[in-house]
Amino acid sequence: MKKTIQNVEIEVSKGDIANQPEIEAVVNAANAQLTTGGGVAGAIHSAAGPGLYEECKPLAPISPGEAVITGSHKLPNKYVIHCLGPVYGRDNPADKLLGNCYKNALKYSEDKQVKSVAFPAISTGVFGYPIKEATRISFNTILAEIPKLKHLQKLKFVLFSEADLKIYEAMLDEV
Ligand code: ADP
């Protein structure tokens, strides 16, 4: 499902964030040490190869809400933007910290004049953020940031499950 908002095409689709060849920058739902692991970070690091962690190492640790940008190594993209989402129930205020992830990721993409970016549902896996609430925060944040971006033409949300996709589609339908 797609919708154009202020000249930026917003797409929600089901898929693997590590397999988005048409996208310039993909976002990693990272951990503080920027290491591989499960979920999104595992998929990104295994597709990118060990060079990604070598580039990440000196940039770690990062704090909740923070982002860093690296090359993509063996991934089919140009950049990886690593965001550390809040652990739900531990890192507070969770809504602000989660919003900061999206905001900082878009700031980096604008700095690099990126035209297309893809996000996973940050914090909604092991970090336990309730998906509906996280979806609302991601949309509110990107909608507030889009008017400030001169280069972005496409923003894609890549969801891993049919249930998450349905929630994102309902939200895109509303805006
Ligand atoms: P976090 O630690 O920030 O919660 P996770 O990687 O555990 O990050 O999960 C974030 C979300 O990404 C979850 O909804 C999970 O189902 C989803 N996910 C897991 N693997 C992938 C993947 N390869 N591509 C896209 N989304 C994924």
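## Strands and their partners

Two strands are said to pair if DSSP finds at least two bridges between them, and in this predicted model that idea helps in reading the arrangement around strand S5. Strand S5, which covers residues 79-83, is joined to strand S3 (residues 25-29) by five bridges, and these two strands run parallel. Within this pairing, Val27 stands opposite Ile81 in S5.

Strand S5 also pairs with strand S4 (residues 67-71), again over five bridges but in the antiparallel sense, and here Thr70 is the residue that stands opposite Val80 in S5. Strand S5 is mostly covered, since four of its five residues are buried.

## Two residues of helix H3

Helix H3 spans residues 94-111 and includes Cys101, and Glu110 lies in helix H3 as well. Is Cys101 buried or exposed? Cys101 is buried, because 28 other C-beta atoms lie within 10 Å and a count of 20 or more is enough for that label. Glu110, by contrast, counts as partly exposed, because it has 16 C-beta neighbours inside 10 Å, a count that falls between the limit of 12 or fewer for exposed residues and that of 20 or more for buried ones.

The contacts of these two residues can be read in a similar way. Leaving aside neighbours within four places in sequence, Cys101 is in contact with Gly65, Ala67, Cys83, Gly85 and Ile122; among these partners, Ala67 belongs to strand S4 and Cys83 to strand S5. With the same neighbours left out, Glu110 is in contact with Leu149, Lys150, His151 and Leu152.

Separation along the chain can also be set beside separation in space. The C-alpha atoms of Glu110 and His151 are 6.3 Å apart, although 41 residues separate the two along the chain, while Cys101 and Arg136, which are 35 residues apart in sequence, have C-alpha atoms separated by 14 Å.

## Around the ligand

Which residues come nearest to the ligand? Of the 20 residues around it, they are Gly39, Val40, Ala43, Gly125 and Phe127. Helix H1, made up of residues 39-48, supplies the largest share of this shell, namely four residues. By residue type, the shell divides into 13 nonpolar, five polar and two charged residues.

## The annotated span

An unreviewed UniProt entry lists residues 1-175 as "domain: Macro". In the model, the C-alpha atoms at the two ends of residues 1-175 lie 13 Å apart, and the span is 36% helix and 21% strand.

Note on methods:
Residues numbered from 1 in each chain as written. Predicted model: local features only at pLDDT ≥ 70, side-chain atom pairs only at ≥ 80, totals over all residues. UniProt positions renumbered as here; feature names shortened; annotations may be inferred. Near = placed C-beta within 6 Å. Nonpolar A, V, L, I, M, F, W, Y, C, P; charged D, E, K, R; others polar. Contact = placed C-beta atoms within 7 Å.
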